[in-house]
There are 2 protein chains.
Amino acid sequence: MKRPLYEVKAEFFRNLGHPARIRVLELLSQRDHAVHELLAEIPIEPSNLSHQLGVLRRAGLVQQTRRDGQVYYSVSAPEIRDLLLAARAILSDVVSDQIDLRSELRGDWLASS
Amino acid sequence: MKRPLYEVKAEFFRNLGHPARIRVLELLSQRDHAVHELLAEIPIEPSNLSHQLGVLRRAGLVQQTRRDGQVYYSVSAPEIRDLLLAARAILSDVVSDQIDLRSELRGDWLASS
DNA sequence: TTAACACTTGAACAAGTATTCAAGTTATAG
DNA sequence: CTATAACTTGAATACTTGTTCAAGTGTTAA
């Protein structure tokens, strides 16, 4: 209860500022996933993913539960989906030139949007 | 036209991940400001602010125009306001504990929200 | 038990970002 | 002209984050 709001906000956005973390949030906003399922979609090392999940966890954006010897993650606020959509709107408006739209056209939207 | 979308998104969020840049966007989403006006609201060195404005400019989030020997900045997409509001919603939901609400209660919302 | 799978952790190093300083530009006022 | 206000730039350094590696925990399956 001591930090000014704009600092908390900045940190919040920094927490989203990593490709793997974005993909995790997008996958999780479809449905809960176990870590090995995330690993199947996101091409990074387990240990690296685990670190990135740690960032999201400490930020309060996702939650962990153990079930059947696997660790499942879920988003902790449904509004996260809205935020990602809002970002998407700005991106298509403002920085559309830099985006690779091929993935979109191939239909693997869910993995790469 | 080469980078995958989730990387562009991550970079986009990283561009928002700095207290001064957040404050700039919030001030600018109220109205255009000259740099010295921003400086009056945001307590950092001119040169530092200029660097941060450069980041926002290169990200395509703000635009520069020179008028009466002053440099005015404006947001380049109105959706930015929506995004900041969406972030606000998640923050109050998910990380409310870490926020300093005093500024809110003092009415300097516009400078620090 | 032991092995294998599914993860997490900490430490070390690499890579990226922020801040400061000194110098430079542009425009207006004296 | 010369000075001053309003900015910007680049380079140096300090700081923060990301990635990898090696080791460790918990759980199920032989």
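**View 1. Phe13(A), with a relative accessible area of 0%, is buried.** Its partner in this close-up, Phe13(B), is buried too, again at a relative accessible area of 0%. Buried stands for under 20% relative accessible area, exposed for over 50%, and partly exposed for values in between (1.4 Å probe, protein chains only). Please keep in mind that this is a predicted model, in which local features need pLDDT of at least 70 and side-chain atom pairs pLDDT 80 or more, while totals for chains, interfaces and linings use all residues; side-chain values use heavy atoms, without hydrogens or water. Residues are numbered from 1 along each chain as its sequence is written, and chains are lettered from A, with ligands numbered from 1, in the order in which they are written.

**View 2. Phenylalanine rings meet across the two chains.** Rings of Phe, Tyr and Trp (its six-membered ring) pair if their centres lie within 6.5 Å; planes under 30 degrees apart are called stacked, those over 60 edge-to-face, and the rest tilted. Over all chains, the count comes to 3 aromatic pairs. One of them is the stacked pair of Phe13(A) and Phe13(B), with 6.1 Å from centre to centre and 15° between the planes. The pair joins two chains because Phe13(A) belongs to helix α1 (residues 5–16) of chain A and Phe13(B) to helix α1 (residues 5–16) of chain B. Helices here are DSSP runs (H or I) of at least four residues, and strands are DSSP runs (E) of at least two, numbered from the N terminus. Look around this pair and you will find a cluster that ring pairs link together: Phe12(A), Phe13(A), Phe12(B) and Phe13(B).

**View 3. Two arginines sit over tyrosine rings.** A charge sits over a ring if NZ of Lys or CZ of Arg is within 6 Å of the ring centre and within 35 degrees of the ring normal. The charged end of Arg23(B) is placed over the ring of Tyr6(A), 4.5 Å from the ring centre. Within chain B, Arg67(B) has its charged end over the ring of Tyr72(B), at 4.2 Å from the centre.

**View 4. DNA strand D is surrounded by 22 residues.** A residue is near a strand if one of its heavy atoms lies within 4 Å of it. The closest are Arg14(A), Ser47(A), Val35(B), His36(B) and Ser50(B). Of the strand D atoms within 4 Å of the protein, 68% belong to sugar or phosphate, and bases supply the rest. Polar contacts are pairs of N or O atoms within 3.5 Å; within protein, one must be able to donate a hydrogen and the other to accept it, and residues adjacent in sequence count only if both atoms are side-chain atoms. A side-chain N or O atom of His18(A) is 2.7 Å from a phosphate oxygen of strand D, and one of Arg21(A) is 3.3 Å from a phosphate oxygen. From Val71(B), a polar backbone atom comes to 2.8 Å from a phosphate oxygen. Two or more residues of this surface come from each of α4 (46–58) of chain A and α3 (35–41), α4 (46–58) and β3 (70–75) of chain B. The largest share, 5 residues, belongs to α4(B). By class, the surface has 4 nonpolar, 12 polar and 6 charged residues; Ala, Val, Leu, Ile, Met, Phe, Trp, Tyr, Cys and Pro count as nonpolar, Asp, Glu, Lys and Arg as charged, and the others, Gly among them, as polar.

**View 5. DNA strand C has 20 residues around it.** Val35(A), His36(A), Ser50(A), His18(B) and Ser47(B) come nearest. Phosphate oxygens of strand C lie 2.6 Å from a polar side-chain atom of Ser50(A) and 2.8 Å from one of Gln64(A). A base is reached too: an N or O atom in the side chain of His51(B) is 3.3 Å from a base oxygen. Among the elements, α4(A) gives the largest share of this surface, 5 residues.

**View 6. β2(B) and β3(B) form a hairpin with 2 residues between them.** The strands, β2 (residues 62–67) and β3 of chain B, run antiparallel and are joined by 6 bridges; strands pair if DSSP finds at least two bridges between them. Gln64(B) stands opposite Tyr73(B). In the turn, Asp68(B) has a positive phi of about 55°. Most residues other than glycine have a negative phi. Asp68(B) is exposed, at 69% relative accessibility.
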